[in-house]
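Q: Please take a close look at the parallel sheet of this model and at the helix that lies across its strands. A connected account of the elements and residues involved would be welcome.

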Amino acid sequence: MKKVKVRFPPSPTGYCHVGTARMALLNFLFGKKHGGTIIFRSEDTDKARSKREYEDDIVDSLTWLGLAWDEFYRDSELIDTHREALKKLIDAGKAYVSKEESMREPGKEVEVVRLKNPGMTITFSDVIRGEITFDTTELGDFVIARSIDDPLYHLAVVVDDGEMGITHVIRGEEHISNTPRQILIQEALGYERPIYAHYPLFLSSDRAKLSKRKGDVAVKEYRAEGFLPEALLNFIGILGWTPPSGREILSLQEMVTEFELENLHKSGAVFDMEKLRWFNREYLLKMRDDDFEALALDRLRAALTERKVEWSEGVARKLMRLVHERVSVWSDIDELAGEGEFDYFFSDPQPGVAELPQKNTAPEEAARHLEAVVQMLHELPDADFSVPENIKAVVWPYAEEKGRGNVLWPLRYSLSGRAKSPDPFLIASIIGKDTSLRRIKAAIGLLERMRQ
């Protein structure tokens, strides 16, 4: 086999979406697997819609995901090669200039270049789909350039692939219908036919095609939401592909090692957000505690500052274990903080008096249980208070004796002020002994006022 050469040919007419990322990843995996050359070629032939900001976003997004390439080109900078190819076709009688009414400006006559279509049947072998046959007669003499200086996509991509020696064209199935036109141009110019592999597209949850113009599939949106690049890349990679090992969690290098085009599925895969969140959580759980803490602290601080909650670095650091267990993506921290899920760790809650006793438990009984807990916690050495299991060890036997709900409900509610919260031993270990005792005593005071 010739030395492999593949390309990423995104059109910079919109922000980098997951479909673009998948195209780049599959070409990257195949190119690296076979020690080939990877080319990034910005297909900016659509002058009206192509923008440098979109190209910059695609480059930045693919780099963020961990992908790289060996060479970089823009179609607009290869116009001399396209012009020479057009001239060659016209001189050989394989294309001609046609004067026609402008599609953009009705009533105005323009000159376009059309390829003379021999009307042949074309069969090409697709690595994923097998043999595909087209009768090109119905295509007629199709336009390949708006003018000698303005080639259309089909001409530009064929010339670029031919001149750069691209050996494998790996792209989405929406390009299957483009292939016969491109093969006709290849043969007219004498270029060698590359090997084709057309993979199925991602589907949305309703099994419709994902759209590049939907912001929810832009890579930068996932990045802003706090997904990890390696998790998003892994998820995109295994959608529609079953690695021989059967594993789901794979690094980029592990994907390179296992990848073969033949193993790509023939049917579309659903881009399931819940599955993506699962992938991201797996990667978060694999992070070293120090690395997680550094990133999570910044996110939590910003979210609580926005809520005007008084910040305590010490409490926040002790809270990291709970945060690590609860979040699947960084933006979960923003959402939880916005719902007040962390407020009571930093400031005393205002528990409702009526909610303090367990259902069907008298206020005086709840107060009595809390007074007993105060005594137990007061006797627990300060050094032992940072470990939830130590707190549980002194309270649990009493709770078992008096009824767990009767004891633990008022204890947890007095510490958090919320009907739903982590267990009271974890809360107490995070907020500390003095704060815990103060909150429990305040709750006892509320219960005593209920009896008056």
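A: Helix α4 (residues 153-164) lies across β1, β2 and β3 and runs at about 155 degrees to β2. Here contact means heavy atoms within 4.5 Å. Axes are lines fitted to C-alpha atoms, for helices over the stretch in contact, and angles run from 0 to 180 degrees between N-to-C directions. Helices (H or I, at least four residues) and strands (E, at least two) are DSSP runs, numbered from the N terminus.

The model is predicted: local features need pLDDT of at least 70, side-chain atom pairs count only at pLDDT 80 or more, and totals for chains, interfaces and linings use all residues. Residues are numbered from 1 along each chain as its sequence is written, and side-chain values use heavy atoms, with hydrogens and water left out.

The sheet beneath this description is open, with 3 strands in the order β1-β2-β3 and parallel pairing. Its edge strands are β1 (5-8) and β3 (71-74), each of which pairs on one side only. Neighbouring strands of the sheet are turned by 25 degrees against each other on average, direction ignored. Two strands count as paired if DSSP finds at least two bridges between them; strand β2 (residues 37-42) and β3 are joined in the parallel sense over 4 bridges. Within that pairing, F40 has F72 in β3 as its bridge partner.

The loop between β2 and α2 (52-65) contains T45. This residue is buried because its relative accessible area is 15%, the term buried standing for under 20%, exposed for over 50% and partly exposed for values in between (1.4 Å probe, protein chains only). Leaving aside residues up to four places away in sequence, T45 touches S50, D75, R146, P151, Y153 and A156. Of these, Y153 and A156 fall within the range of α4, residues 153-164.

A hairpin elsewhere in the chain provides an antiparallel counterpart. Strand β6 (residues 121-126) and strand β7 (residues 130-135) run antiparallel and are joined by 6 bridges. The two form a hairpin with 3 residues between them, and T121 stands opposite D135 in β7.

Helix packing can be followed in another pair. The axes of helix α16 (residues 404-416) and helix α17 (residues 424-431) come within 9 Å and cross at roughly 35 degrees. On the α16 side, L408, L411, R412, L415 and S416 meet P424, F425, I427, A428 and I431 in α17.
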